[in-house]
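This report describes the overall fold, one helix and a selection of aromatic contacts. The sequence and the structure come first, and the discussion follows.

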Amino acid sequence: MNLSHFFSAAEARTDRWRQMNAAGRAWESAIAQGRKDQQLYDEVVRLYAEIRPLEDYWAYPGPRLMATIGEVIEEHNAGAFVRIVQKVSSALLTGVYRYESAAWNPLQEDEGSIPDVLPPDVQPGEAHKPYFELLIITPTDPNTWERARNALKRLRRPEDSFNYEVVQVGSFEDGILGAIFNYNVQAVVINDGFTFRSRHDIPLLREFLQRHLRIDPASIEPGVLATTLARVIKNIRPELDIYLLTDRSVEKLAGSGETGQIRRIFHSVEEVMEVHLSVLDGVSERYDTPFFSNLKKYAQRPIGTFHALPIARGKSVFRSNWIRDMGHFYGTNLFLAESSATTGGLDSLLEPTGNIKKAQDLAARAFGAKRVYFATNGTSTSNKIVVQAICRPGDIVIVDRNCHKSHHYGFVLSGAQPYYVEAYPLTQYSMYGAVPLRTIKKALLNCKAEGKLDRVKVVDMTNCTFDGHMYNPKRVMEECLAIKPDLIFLWDEAWFGFARFNPFHRRRTAMGAAAALTARYRDPAYRDEYKAFAAKAGKLDPKNAKLLDMHLLPDPDRVRIRVYQTNSTHKSMSALRQGSMILVWDEDFHKVEGTFEEAFFTHTSTSPNQQIIASLDIARRQMELEGYELTMKMTELALRLRREINNHPLISKYFHIATPEDMIPAEFRGSGLKDYGPPHANWKDAIDALDGDEFALDPTRLTLICGTAGFDGTQFKNLLADRFDIQINKTSRNSILVQTNINNTRSDAALLIKVLADLSREIEAQLSEGGKPEQEIFAARVKSLMTDVPDLPNFSRFHDVFRDKPNAVSNEGHMRPAFFMAYDDSQCEFVKLSSKEIDDRLKKGPELVSANFVIPYPPGFPIMVPGQVITADTITFMRKLDVKEIHGYHAAHGLKLIKPSALTKAKGRAR
Ligand SMILES: Cc1ncc(COP(=O)(O)O)c(C=O)c1O
């Protein structure tokens with residue numbers, strides 16, 4: 001195996017073990033049948049040589065089993081080889097090595113216990129203790145490693161909450177590889193004094209270290225190798241606990257800036273018991289779920305309830321004649337854990353001071369935020385809370401028109417004026433991309449030119465978009481802050497909460513960017529960079545068109561980092577439906593703390609659901625302990641799906657997964673990266689693109705083009721659900737969105753590929769049996785879906801009545817009064833979409849002005865907002881729309897418009 005492929009190494013590793021198993025069987029049977037076995041033997045030797053280097057980074061199978069396998073190969077003992085390889089390969093697959101000692105012993109038969117993969121209510125026996133691995137980077141002689149491992153093992157006690165095994169490596173580079181490859185690692189002990197270079201050949205890693213982390217072995221002083229390693233590992237996996245063992249003056253070191261990433265520093269190796277206890281303690285801090293644990297305790301107590309929640313304790317269910325099946329279905333605990341109390345340690349979501357507060361603080365640590373607020377009504381609510389907290393009437397919000405409707409409703413509620421900016425269109429798929437930085441800068445500069453930059457409060461974008469376009473939040477914020485240093489950013493990361501836990505995606509997150517920019521502007525080197533920029537750019541004159549193409553830099557003395565992120569935890573992590581979080585990194589939070597509280601009270605139920613809150617606490621625990629493994633695997637699975645489908649000779653005739661090249665125009669893809677994975681790019685190229693390009697495509701969101709197979713999106717979605725029990729996320733005119741998630745397995749991927757292969761065969765048969773007429777019908781259908789696509793309408797403008805200055809270049813408007821005009825029937829009228837009146841008014845007026853939001857699903861963004869002038873583009877789009885669900889529009893009534901007479905009356909008053 002090539003160590004350079006390390007972002008997919010975990011899956012490749014199990015594949016290789018299976019291959020070695022198969023090769024061993026072939027070798028054994030050749031011997032049994034007296035056939036020539038040299039070639040098969042050579043294959044076994046080759047596979048073993050390939051696997052060996054990777055196994056240096058894992059505790060299991062470990063040196064003893066690996067050495068035994070090497071010995072039996074040398075002895076040409078095919079029988080023993082097959083037995084041991086079979087044992088290891090199935091232990092790796094099922095994970096039994098985590099709790100079954102027999103799996104570690106080459107001579108012992110397996111006990112045949114059932115792996116932890118079944119639901120807990122059908123899994124017999126006690127749950128096993130969680131297992132993890134401790135990575136030790138050490139300069140000691142490898143011959144002493146086994147002794148050191150055994151010394152640590154002797155410290156284990158039955159009352160320990162976790163089991164762990166040790167992996168030792170001997171160099172800086174191997175330490176990094178260990179942290180990358182081995183997702184079982186939860187803690188790292190760095191034993192000062194090791195060398196830099198791995199004995200393995202890893203050119204890509206070396207280039208990566210130099211280019212991205214600016215690590216040049218020649219320039220690292222031996223003394224700081226250990227702290228540099230801690231920094232690099234934290235950069236890749238921030239959740240890991242890092243300990244340093246050193247002979248240097250630990251007192252001095254502990255107080256220095258070098259050791260910020262290190263959890264504890266120990267003097268030399270004598271402290272082995274302390275190290276052991278610290279490692280367990282560190283993991284238990286992440287394992288801790290203050291709210292959930294207390295809820296479990298609460299559920300065990302004999303509590304009499306006289307409050308208004310009859311279902312609590314389950315008595316109204318279990319004693320019922322008619323609804324006992326509810327009790328059977330949901331189980332006892334759900335009812336025991338239901339409560340409306342905020343006492344007994346249950347805390348109040350509205351004013352948390354106890355376990356909810358602690359759970360939110362732990363989430364802040366995990367997600368790299370300054371604060372976290374839990375929400376139990378989805379990100380729809382989180383967005384409204386944030387918009388209302390930071391905006392007041394008259395404030396301007398520069399916002400992607402395609403954002404989720406909760407933002408638009410937030411503007412109505414707060415009275416903020418949206419300045420709609422457009423994402424680039426992907427007309428061919430009937431969807432939008434993301435808003436170019438140039439467009440956002442232009443909007444800010446327009447406001448500056450018109451003297452209203454002070455009213456621009458927020459830039460509000462969706463990252464990543466439904467279809468997977470990831471912004472470069474660091475770049476966007478940096479350049480916007482250069483124009484207005486106290487701007488607030490709301491990044492709707494509804495789909496993207498998981499991204500924090502994966503080194504690929506994290507580079508594109510709001511919180512990752514907030515941390516990076518904070519560090520950057522505090523660095524003295526930035527001052528020099530800024531000085532050079534300021535000398536070149538001068539005063540930022542909004543009329544200077546060159547500013548749009550220049551990389552603008554903010555003044556380090558004025559810049560404030562004010563970033564809000566909302567995420568639907570339930571969409572990408574193990575939280576119950578509606579579980580959502582608001583992450584805050586706001587250096588001026590004190591200025592909005594009061595209004596944030598008000599907004600939180602406005603939107604939060606006074607009876608929030610305990611189970612949703614508990615699930616947010618648990619989702620955080622899971623991501624801090626296995627988020628890395630899960631998100632790496634889901635990314636790997638997505639890459640596999642992309643590769644298999646697009647390269648399959650039959651499937652690719654009819655279906656295609658849109659690549660970065662398809663989804664992002666070249667002007668936003670400076671790296672030139674066209675696709676993920678071979679033959680187009682290796683992981684290092686992908687990271688270059690992630691770091692540098694204006695937009696990148698989240699590989700886990702797969703736009704599967706089905707129009708080329710003659711299916712429209714909705715039809716294909718229904719077909720997959722009805723015939724194959726496959727549920728997918730969203731559709732467009734000619735595509736569906738397939739999303740890999742932390743729950744997906746390779747069996748799921750196989751199912752999808754098989755279905756596509758079966759359907760492709762059916763299409764082939766149909767086309768060949770139906771002859772020319774059938775082929776013509778098919779071609780016409782494909783053309784209609786793929787070529788005759790409606791143009792996507794841009795936001796036109798607010799009617800003059802809702803504008804402060806109708807001829808201003810900036811397009812913000814007073815949406816709130818328009819929204820409330822719709823409440824008065826006498827001010828509104830309905831006009832049928834197909835009527836001649838529409839065409840006449842489009843030509844001669846009076847203008848058609850929408851009274852409400854009109855949101856077709858798909859695509860799911862408002863093609864009309866209250867107060868918007870409806871143009872011919874929008875009418876054409878509406879008329880071509882063939883979707884069933886259009887919120888805010890009823891065909892029987894027609895379009896709801898504000899009457900021209902009402903607009904005349906409202907002149908000068910609509911504020
Ligand atoms: C970008 C975006 N933001 C917010 C939401 C709303 O999230 P929730 O379903 O958690 O209320 C969605 C829902 O699909 C969304 O796509």
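How many helices and strands does the chain have? In this model, which is predicted, the chain has 34 helices and 23 strands.

**Overall dimensions**

For a chain of 911 residues, a compact globule would be expected to have a radius of gyration near 29 Å, and the 30 Å found for the chain agrees with that. The C-alpha trace spans about 95 × 75 × 75 Å along its principal axes. Of the 911 residues, 57% count as buried, while the area that the chain exposes comes to about 39300 Å², with carbon and sulfur atoms supplying 52% of it. When contacts between residues at least 6 apart in sequence are considered, 72% of them join residues at least 24 apart.

**Helix H11**

Helix H11 covers residues 290–300, and its buried residues are Pro290, Phe291, Asn294, Leu295, Tyr298 and Ala299. Seen down the axis of H11, these buried residues fall within an arc of 160°, and therefore they line one face of the helix. As background to such a pattern, an α-helix has 3.6 residues a turn, so residues three or four places apart point the same way. The face of H11 turned away from the buried side carries the exposed residues Lys297 and Gln300. The cover over the buried residues of H11 includes helix H14 (332–336), helix H15 (355–367) and helix H25 (610–647).

**Aromatic pairs and charges over rings**

The structure holds 44 aromatic pairs. One of them joins Phe819 and Tyr823, whose ring centres lie 5.8 Å apart with 50° between the planes, an arrangement that counts as tilted. Is each partner of this pair buried or exposed? Phe819 is buried, with a relative accessible area of 17%, because that value falls under the 20% limit for burial, whereas Tyr823, with a relative accessible area of 59%, is exposed. Both residues belong to a cluster in which ring pairs link Tyr409, Phe819, Phe820, Tyr823 and Phe853.

Which rings have the charged end of a lysine over them? The table lists two such contacts, each with the distance from the charged end to the centre of the ring.

| Charged residue | Ring | Distance to ring centre |
|---|---|---|
| Lys370 | Trp585 | 4.3 Å |
| Lys730 | Phe466 | 5.3 Å |

Methods
Residues numbered from 1 in each chain as written. Predicted model: local features only at pLDDT ≥ 70, side-chain atom pairs only at ≥ 80, totals over all residues. Heavy atoms only, no water. Phe/Tyr/Trp six-rings, centres within 6.5 Å; stacked < 30°, edge-to-face > 60°. Buried < 20%, exposed > 50% of the residue type's maximum accessible area, 1.4 Å probe, protein only. Lys NZ or Arg CZ within 6 Å of the ring centre and 35° of its normal. Helix = DSSP H or I, 4+ residues; strand = E, 2+ residues; numbered from the N terminus. Rg over C-alpha atoms; globule rule 2.2 N^0.38 Å. Contact = heavy atoms within 4.5 Å. Areas by Shrake-Rupley, 256 points an atom, 1.4 Å probe, with all protein chains shown as cover. Arc of directions from axis to C-beta.
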